[in-house]
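Okay, thanks for squeezing me in. I'd like to walk you through one model this morning, so have a look at the screen and we'll take it from there.

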There are 2 protein chains.
Amino acid sequence: MVRTASFDRDDLVTRARDLFWRQGWAGTSLKDLELTLGVRPGSFYAAFGSKDALYAETLDIYAADGAKRLDGLAKENGPLGTLKAHVLSFAGSRPFGAAHACMLVKTLLEVQGRQGDLAKQASRLLEEMEIRFAALFSAAQIAGDVAKHHDPARLARRYQSDLIGLRASAERPDVDAAELAREIAAGLDALQN
Amino acid sequence: MVRTASFDRDDLVTRARDLFWRQGWAGTSLKDLELTLGVRPGSFYAAFGSKDALYAETLDIYAADGAKRLDGLAKENGPLGTLKAHVLSFAGSRPFGAAHACMLVKTLLEVQGRQGDLAKQASRLLEEMEIRFAALFSAAQIAGDVAKHHDPARLARRYQSDLIGLRASAERPDVDAAELAREIAAGLDALQN
DNA sequence: GCCTTGCTTGAGCGATCACTCAAGTTTAAA
DNA sequence: TTTAAACTTGAGTGATCGCTCAAGCAAGGC
C-alpha cells in the first residue's frame with residue numbers, strides 16, 4: 001500500500017449515523033453527507049459503496065452501541081436495575097443533537113415497503129435488542145425482583161414497546177419525557193408480585 | 001361556475017392520505033400521487049396548491065377520522081371501555097393496506113427539523129387526541145372505573161405513549177400486536193385501585 | 001531521482017424532483 | 001348558438017437526485 005485514506009472511517013460512519021438518525025433515509029442527500037463528512041463523491045463511493053450500504057452500516061453500529069450501553073449499565077446494576085436505568089436514560093436532554101426516537105424504529109417506519117432490505121435489518125436488530133431485554137428479565141426473576149409467573153419474552157416485548165412509545169413521545173415538544181420514563185420504570189417494580 | 005371538477009375532491013384527499021401514510025412524506029413523489037389519484041400535474045396544483053398543502057390536509061382528515069372513530073366507540077361503551085376498545089382495535093389486520101403505525105407519529109419522526117410546519121401540525125393533532133383521552137379517563141373516574149388519585153392528563157399521556165409503541169411494534173413482522181394490545185388493555189383495568 | 005499504487009478530485013451522467021403554464025376542452029349561462 | 005369561465009392536458013422548467021470516472025496527486029519501494 002502506497003497511500004492511506006486521509007480520514008478515520010469509523011469516525012465518518014458515526015457522523016453519518018447521527019445525520020441519518022436525525023434526517024432519515026430519504027431526508028439525507030448525498031450532498032448532505034458530503035458536507036457533513038467532508039468527503040467528495042469519489043472518495044465516498046470508494047469508501048462506502050453506496051448510500052444504502054452506508055446506511056446499513058450505520059444501523060449496525062447504532063444497534064451495537066445500544067447493546068454496549070446496556071452492557072455498561074449491567075455492570076453497575078442488577079438485571080432489573082439495568083432495565084430501569086435504561087428507560088430512565090431516555091429522560092434527559094438529547095446528546096449530540098441526535099434524535100430521541102430510536103433510529104431502528106424511525107428506519108422501520110420510514111422505509112417499510114420501499115427499501116425492504118433496510119426494513120428487515122431494522123426489524124432484526126430490534127429483535128436482537130429484545131432478546132437482551134428478555135435475558136435481563138429472566139435474570140431478574142432468578143434474583144427475585146420479578147415474579148416467576150411472568151414470561152420474560154412477553155415482558156421484553158412489552159418493555160420494548162414502552163421504550164418505543166417513550167422515545168417517540170420525547171420528540172413531541174410538549175411532552176415531559178422524564179415523567180413518562182419514571183412511570184415506565186415504576187411499572188417494572190410492580191412486577192415483583 | 002361553468003364547469004365542475006371531474007373528480008370527488010374528498011375522495012382524492014383520502015386516497016392521498018393512504019399513500020402518504022404508507023410511504024411517508026419524502027417517499028411519495030408527485031408522480032406517485034398523479035398515478036394514484038389519476039390526476040395530471042395541472043389539476044393537482046389547481047386543486048391542492050402543493051404537495052405540502054395536500055399533506056397537511058391529509059393529516060387533518062387523518063386526525064378527524066381518528067376522533068370520529070373514538071366517538072363511535074364511545075356510543076357503544078363506557079369511558080374506560082372506549083379506551084380499551086380503542087387499543088384493541090389496533091390488534092387486527094391492517095385495513096386498506098394502510099400502515100399500522102400512527103400517521104401523525106410517522107410524520108413527526110420523519111420531518112422533525114426539516115419541515116417544521118408539518119411537525120408542529122402533527123404534534124398539535126397528537127395533543128388534541130390526548131385531550132380526548134384525558135376526558136375519557138376523567139369520565140372513567142366519575143364512573144368509578146378509575147381510582148380518584150390518578151391524574152387524567154398523566155394517564156392520557158401514558159396511554160398515548162403506549163398506543164404509539166403498540167402501533168409501531170405492529171409494523172414489525174415478528175410481533176403479535178394482538179397480545180400486546182390485550183396487555184395494554186388489561187393495564188387499564190388495573191387502574192381501579 | 002523514478003515508478004507504481006491507490007486515494008482524491010470535481011465535472012458531469014441520466015433520472016427524477018416539485019412545479020408551471022400556454023393551449024385545448026368542457027360546460028352553463030345568455 | 002355564441003361566449004366566457006373553469007377545468008384538463010402534457011410538454012417542459014431549473015434544480016437536485018444518486019452515482020461514475022478519467023485525470024491529478026501523494027506516498028512508500030527501488
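I'll start with one chain, move on to how the two chains meet, and finish with some helix packing.

First, a caution: this is a predicted model, so please hear everything I say in that light.

Right, chain A on its own. What is chain A built from? Nine helices and zero strands. So if you read the elements from the N terminus on, you just get α-α-α-α-α-α-α-α-α. The C-alpha trace of chain A spans about 60 × 40 × 30 Å along its principal axes. There are 193 residues in chain A, and 40% of them count as buried. And if you take the contacts in chain A with a separation of 6 or more, 65% of them are between residues 24 or more positions apart.

Let me pick out one helix here, H5 of chain A, residues 79-88. Is H5(A) mostly covered or mostly open? Mostly covered: seven of its 10 residues are buried. Those are A:Pro79, A:Leu80, A:Thr82, A:Leu83, A:Lys84, A:His86 and A:Val87. Notice that A:Lys84 is on that list of buried residues. As for what sits over them, the cover includes H4 (51-76), H7, H8 and H9 of chain A.

Now the two chains together. How are the copies related? You can lay chain A on chain B with a turn of 180° and a shift of 0.0 Å along the axis, and the RMSD is 0.0 Å. The two copies are thus related as by a two-fold rotation axis. If you want to find that axis on the screen, look for A:Gly165: in chain A its C-alpha is the one nearest the axis, 2.0 Å away.

On to the interface. It has 34 residues of chain A in contact with 34 residues of chain B. On the chain A side, the elements giving two or more residues are H1 (9-23), H6, H7, H8 (152-169) and H9 (177-189). Which of them gives the largest share? That's H8(A), with nine residues. By class, the chain A side has 13 nonpolar, nine polar and 12 charged residues. And 100% of the interface residues of chain A are interface residues in chain B too, so the copies meet through the same surface.

Now for some packing, beginning with H6 and H7 of chain A. H6(A) is residues 103-111 and H7(A) is residues 116-142; their axes come within 9 Å and cross at roughly 145°. The crossing is left-handed. From H6(A), the contact uses A:Leu104, A:Thr107, A:Leu108 and A:Val111. From H7(A), you have A:Leu118, A:Ala119, A:Ala122, A:Ser123, A:Leu125 and A:Leu126. By class that's eight nonpolar, two polar and no charged.

Let me hop over to chain B for H9, residues 177-189, which I want to show with two partners. The first is H8(B), residues 152-169: the two helices pack at an angle of about 170°, with their axes 9 Å apart. That makes H8(B) roughly antiparallel to H9(B). The H8(B) residues making the contact are B:Asp162, B:Leu166 and B:Ser169, and they meet B:Ala177, B:Leu180, B:Ala181 and B:Ile184 of H9(B). This contact splits into five nonpolar, one polar and one charged.

The other partner is H5(B), residues 79-88, whose axis comes within 8 Å of that of H9(B), crossing at roughly 165°. These two are therefore roughly antiparallel to each other as well, and their crossing is right-handed. H5(B) brings B:Leu80, B:Leu83, B:Lys84, B:Val87 and B:Leu88, while H9(B) brings B:Ala181, B:Ile184, B:Ala185 and B:Leu188. Here the classes come out as eight nonpolar, no polar and one charged. If B:Ala181 and B:Ile184 sound familiar, they were in the contact with H8(B) too.

Last stop: the loop between H8 and H9 of chain B, where you'll find B:Asp176. Is B:Asp176 buried or partly exposed? Partly exposed, because it has 14 other C-beta atoms within 10 Å, and buried would take 20 or more. B:Asp176 also lies 9.8 Å from B:Gly92, C-alpha to C-alpha, although they are 84 residues apart in sequence.

That's my tour, and I'm happy to go back to any of it.

Note on methods
Residues are numbered from 1 along each chain as its sequence is written. Chains are lettered from A and ligands numbered from 1 in the order in which they are written. This is a predicted model: local features need pLDDT of at least 70, side-chain atom pairs count only at pLDDT 80 or more; totals for chains, interfaces and linings use all residues. Axes are lines fitted to C-alpha atoms, for helices over the stretch in contact, and angles run from 0 to 180 degrees between N-to-C directions. Helices (H or I, at least four residues) and strands (E, at least two) are DSSP runs, numbered from the N terminus. A crossing is left-handed if the near helix is turned anticlockwise from the far one by less than a right angle, and right-handed if clockwise. Two residues are in contact if their C-beta atoms, placed from the backbone, lie within 7 Å. Ala, Val, Leu, Ile, Met, Phe, Trp, Tyr, Cys and Pro count as nonpolar, Asp, Glu, Lys and Arg as charged, and the others, Gly among them, as polar. Angles under 35 degrees count as roughly parallel, over 145 as roughly antiparallel, 65 to 115 as roughly perpendicular and the rest as oblique. Copies are superposed by least squares on the C-alpha atoms of residues with pLDDT of at least 70 in both. A residue is buried if 20 or more other C-beta atoms lie within 10 Å of its own, exposed if 12 or fewer, and partly exposed in between; C-beta atoms are placed from the backbone.
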